[in-house]
Every structure is written in C-alpha cells, then in structure tokens.
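The exercises below are meant to be worked with the sequence and the model side by side. Please attempt each task before reading its solution.

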Amino acid sequence: MKKIRVAIADPHPVVVAGLTHELGNRTSLAVIGTARTATQIVDLLRHTRCDVLVTGCTVPGGIYGDGLSLLARLRRLFPDVRILVLTATPNPAIARQITELGVASTLCKSSDIDDVVTAIHALHNDRVHPQRLATATESASEIGSTLLSQREVMVLHLYVSGMSISAIAAKIHRTKQTVSAQRRNAMRKLGIGSDAELHRFALQTGLSDALQRQNSAASTNISILNRPS
C-alpha cells in the first residue's frame, strides 16, 4: 500500500518530536520532513513531495506571515497539499475562519493521536473529518471563556471598536506597552497575524459582538477586584 506522505510543522520541538514519533510508527504514513518556522515549511514543501501537512495554527518565523495569513499563502502556493491544523484549544471561530481559507480540517492538540491519523486519511481521500464540522458550527462567543484572559478580551474589544492603543491605555489605566502586549498575545492565541486579519475576522465571525458581551462581564469582574476593601 502506498504510504501517505506527511510533513509536520510546529514551533515547539516537543510537539514536532512527538508527532514525528507517533505518525512515523503508522504503517500507512511516511513522515517526509519537519519544520519549526514558516520559511522552513515553504522550503520543505517546495523541495519534497507531500500529501498532507500537519501544522500548528501559529508558526512564526520568516517572510511568509503567521497564523491565518500563513495558511492562506500555503493554500495559494501548494494547492495540492492537504492541510490539517492543530490548535492549542478548541476554538469554533478560528475553525470557521480556517475553513473559509480552504483548509478542510482542524483538531485540538489535546485530541487523541488516532483522531489525528483519521483526519490525515480523511484529507488524503478528499473527505472532511467529522470533528471539524461539529466544531465549525459552534458560536464565536466561546472564545473569551476558553482562550483569552479578561484583560485580553477587554483590550481586543476596544481595539476592534476603533480605539487606539494610547486611548485604550488611558481608559483602563495601563501603560501603552502593557496594552500593546495584551493585544499581541490575544492575536497570537487566535492565530491572527495582522490588524487587517483581526478586523476581517471580527466582522466575519461575529467576534465583535461576542467580545462586547464578554468585555461587559470582564469590566464588572475587574471593577470588583480593583474596588478598595
């Protein structure tokens, strides 16, 4: 039986090593290479025949972007390579956005290795893994409670609402450096690489409304925590 050629990409060496070991032991799969940066992914796919790329949602490093922008570029450069995206946490809104890029399957990194193998086979046979379908139909309102801190929710809501970093810093009584770091961390967790992606993502997924509701709750909780005893 012809083996499915699999490439593995993730910025974390332990993840790459674990996937290489587990997938390499499957008789139906052949790991043809690994990458830890965006540049390494592109170089690998340009020089080695690959059927399925298993990659983390965020793989920084190089000139090809990160997060959603990297996935979009990989789809354009290598349309014949199927892509399985592994996310750090279950995130329905991210799954939906990834699907809209033409990436057929997403799984959480906490998934069983058998689910990863099943998804690889499904992609190779041009089928959609059922777990991806179930995830992609859920609500964007789950993001704040599962992925972002209360401060990150607040900063992201104010930012996508049109406020500058300086204005947000003044409003929540934090330094511009702190607010900027919280925005970057939130975008990294969401797998978003640019402000343009963030605003487009917010409009397409209803993230703005979800963040507004979560921001109201976060503001109440933070006010209680900051209230003098």
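The following exercises move from the whole chain to its strands and then to single residues of this predicted model.

**Exercise 1. The chain as a whole**

Task: State how many helices and strands the protein chain has, and what share of its residues counts as buried.

Solution:
- Step 1. Going through the secondary structure of the protein chain gives 12 helices and 5 strands.
- Step 2. Of the 229 residues in the protein chain, 47% count as buried, while the surface that the chain exposes comes to about 11,000 Å², of which carbon and sulfur atoms supply 52%.
- Step 3. Turning to contacts with a separation of 6 or more, residues that lie 24 or more positions apart account for 65% of them in the protein chain.

**Exercise 2. From β3 to β4**

Task: Work out in which sense strands β3 and β4 pair, and which residue in β4 stands opposite T55.

Solution:
- Step 1. Strand β3 covers residues 52–56 and pairs with β4 in the parallel sense, over 5 bridges.
- Step 2. Within this pairing T55 stands opposite V85 in β4, and the bridge partner of L53 in β4 is I83.
- Step 3. To get from β3 to β4 the chain passes through helix α3 (residues 67–77), and the resulting β-α-β crossover is right-handed.

**Exercise 3. Strands on either side**

Task: Identify the strand that is joined to β3 by 4 bridges, and the strand that pairs with β4 over 4 bridges.

Solution:
- Step 1. Strand β1 (residues 4–9) is joined to β3 by 4 bridges, and the two run parallel; in this pairing A9 stands opposite T55 of β3.
- Step 2. Strand β5 (residues 105–108) pairs with β4, again in the parallel sense and over 4 bridges.
- Step 3. Two residue pairs place β5 against β4, for V85 stands opposite T106 in β5, and the bridge partner of L84 in β5 is S105.

**Exercise 4. The faces of the strands**

Task: Decide whether the residues on the two faces of β3 are buried or exposed, and then examine β5 in a similar way.

Solution:
- Step 1. In a regular strand the side chains alternate between the two faces of the sheet.
- Step 2. In β3, V52, V54 and G56 point one way, whereas L53 and T55 point the other way, and all of them are buried; the count for β3 is accordingly 5 of its 5 residues.
- Step 3. In β5, S105 and L107 lie on one side and T106 and C108 on the other, and both faces are covered, with all four residues named here buried.
- Step 4. Strand β4 (residues 82–87) is mostly covered, with 5 of its 6 residues buried.

**Exercise 5. Placing single residues**

Task: Classify L123, E152, N185 and H173 as buried, partly exposed or exposed.

Solution:
- Step 1. L123, which lies in helix α5 (residues 113–124), has a relative accessible area of 2% and is therefore buried, the cut-off being under 20%. Its C-alpha atom is 8.9 Å from that of D51, although 72 residues separate the two in sequence.
- Step 2. E152, found in helix α8 (residues 150–160), has a relative accessible area of 6% and so is buried too.
- Step 3. N185 belongs to helix α10 (residues 176–190), and because its relative accessibility is 31%, N185 counts as partly exposed. The C-alpha atoms of N185 and L148 are separated by 8.7 Å, with their positions 37 residues apart along the chain.
- Step 4. H173 sits in the loop between α9 (165–172) and α10, and at 65% relative accessibility H173 counts as exposed, the cut-off for that class being over 50%. The phi angle of H173 is near 60°, a positive value in a residue other than glycine.

**Exercise 6. The surroundings of R183**

Task: Find the ring over which the charged end of R183 sits, and give the C-alpha separation of R183 and E152.

Solution:
- Step 1. The charged end of R183 sits over the ring of Y159, at 5.0 Å from the centre of that ring.
- Step 2. The C-alpha atoms of R183 and E152 are separated by 6.5 Å, and the two residues are 31 residues apart along the chain.
- Step 3. As for rings paired with one another, the structure holds 0 aromatic pairs.

Methods. Residues are numbered from 1 along each chain as its sequence is written. This is a predicted model: local features need pLDDT of at least 70, side-chain atom pairs count only at pLDDT 80 or more; totals for chains, interfaces and linings use all residues. Side-chain values use heavy atoms; hydrogens and water are left out. Buried means under 20% relative accessible area, exposed over 50%, partly exposed in between (1.4 Å probe, protein chains only). Contact means heavy atoms within 4.5 Å. Accessible areas come from the Shrake-Rupley method with a 1.4 Å probe; for residues, only the protein chains shown count as cover. Rings of Phe, Tyr and Trp (its six-membered ring) pair if their centres lie within 6.5 Å; planes under 30 degrees apart count as stacked, over 60 as edge-to-face and the rest as tilted. A charge sits over a ring if NZ of Lys or CZ of Arg is within 6 Å of the ring centre and within 35 degrees of the ring normal. Two strands pair if DSSP finds at least two bridges between them. A crossover is right-handed if, with the strands pointing away from the viewer, the path from the first strand over the helix to the second runs clockwise.
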